[in-house]
Amino acid sequence: SVTDQAFVTLATNDIYCQGALVLGQSLRRHRLTRKLVVLITPQVSSLLRVILSKVFDEVIEVNLIDSADYIHLAFLRRPELGLTLTKLHCWTLTHYSKCVFLDADTLVLSNVDELFDRGEFSAAPDPGWPDCFNSGVFVFQPSLHTHKLLLQHAMEHGSFDGADQGLLNSFFRNWSTADIHKHLPFIYNLSSNTMYTYSPAFKQFGSSAKVVHFLGSTKPWNYKYNPQSGSVLEQGSASSSQHQAVFLHLWWTIYQNNVLPLYK
Ligand code: UDP
Ligand code: MN
């Protein structure tokens, strides 16, 4: 295995920890060859820290308030970017030479080690605006220097969408034109709940998805699951497509079989 490379995710509360645990177990199901790291914040309970440590090689608490001076300063000057700055903390993991960041609301469907052949900054197009990348899955190279530049950028320009995706897209602004190798194929960040307007392409390529991203306001943990029948129950309005139903079902199966037993 490669010990100086890692998959990294982030969970700032016990709810997002459930997503991180399913993601971690989904990575472990497909011959894991890299380290698994989760960044957490002080709000995460001690119980969840114990559970996370059963799945992740490293559980690293990130506390913006008593971080290095330059982080502290960036946070104080732009408190609304708190969560965004937390995600940027992944650049401080300098004991790794290269990492793949995955949102806690993603699910890995097969081995994705080939992502480590890519360089910084690689990401897949956003389904809503394909000249921007989606920041739910990206390849990066930890560096305190880059981290500092990102924070400087955040302080000076903020984020055009108020979150990490806007900030990262304006920082890595030549992503869409500079180097095609930094465009990850869409199958590495397939949004499960987007209604694709190019449905023949979805029919042709959707089944080769390697990473599914449950982006948007309704996360898998917002649904109800019946462990007896193994069915995922719809909550609220949006009825899921056939494909989304398959991915939701997989998320809940992993939760039931590979996450809940960790609490025993
Ligand atoms: N996140 C978190 N706590 C929150 C919101 C977000 O830990 O309260 C982390 C988590 O890793 C999440 C990522 O930030 O996957 C991005 O947020 P989200 O996935 O909710 O945004 P979306 O992908 O729907 O735009
Ligand atoms: Mn997400």
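Here are two short exercises on the ligands in this predicted model.

**Exercise 1: the surroundings of ligand 1**

Find out which residues are closest to ligand 1, and which polar contacts they offer.

*Solution.*
- Start with the shell: 13 residues surround ligand 1, and Leu10, Thr12, Tyr16, Gly216 and Lys219 are the closest.
- Next, sort that shell by type: you get six nonpolar, four polar and three charged residues.
- Now look for N or O pairs within 3.5 Å. Leu10 uses a backbone N or O atom, 2.6 Å from an oxygen atom of ligand 1.
- Tyr16 does it with its side chain, where an N or O atom sits 2.6 Å from an oxygen of the ligand. For the side chain of Asn13, the distance to a ligand 1 oxygen is 3.5 Å.
- Then check the cover: ligand 1 on its own exposes 510 Å², and the protein buries 77% of that.
- Last, the location: ligand 1 takes up the space of the largest pocket.

**Exercise 2: the manganese ion**

Work out which protein atoms hold the manganese ion (ligand 2) as donors, and what the site's geometry is.

*Solution.*
- List the protein donors: Asp103 (OD), Asp105 (OD) twice, and His213 (NE2), at 2.2 to 2.3 Å from the ion.
- Trace them along the chain, and the spacing reads D-x1-D-x107-H.
- Finally, take the angles: the six donor atoms give 56 to 171°, and the site is irregular.

Terms used: Residues are numbered from 1 along each chain as its sequence is written. Chains are lettered from A and ligands numbered from 1 in the order in which they are written. This is a predicted model: local features need pLDDT of at least 70, side-chain atom pairs count only at pLDDT 80 or more; totals for chains, interfaces and linings use all residues. Side-chain values use heavy atoms; hydrogens and water are left out. A residue is near a molecule or strand if one of its heavy atoms lies within 4 Å of it. A polar contact is a pair of N or O atoms within 3.5 Å; within protein, one must be able to donate a hydrogen and the other to accept it, and residues adjacent in sequence count only if both atoms are side-chain atoms. Accessible areas come from the Shrake-Rupley method with a 1.4 Å probe; for residues, only the protein chains shown count as cover. On a 1 Å grid over the protein atoms alone, a cavity is a set of points where a 1.4 Å probe fits but cannot get out, and a pocket is an open set with protein on both sides within 12 Å along at least five of seven lines; lining residues have an atom within 4 Å of a point. A molecule sits in a cavity or pocket if more than half of its atoms lie within 2 Å of its grid points. Ala, Val, Leu, Ile, Met, Phe, Trp, Tyr, Cys and Pro count as nonpolar, Asp, Glu, Lys and Arg as charged, and the others, Gly among them, as polar. Donors are N, O and S atoms within 2.8 Å of the metal (3.2 Å for Na, K and Ca); water is not among the atoms, so sites may look incomplete. Four donors count as tetrahedral if all angles lie between 85 and 135 degrees; four count as square planar and six as octahedral if opposite donors are over 155 degrees apart and all others between 65 and 115; anything else is irregular.
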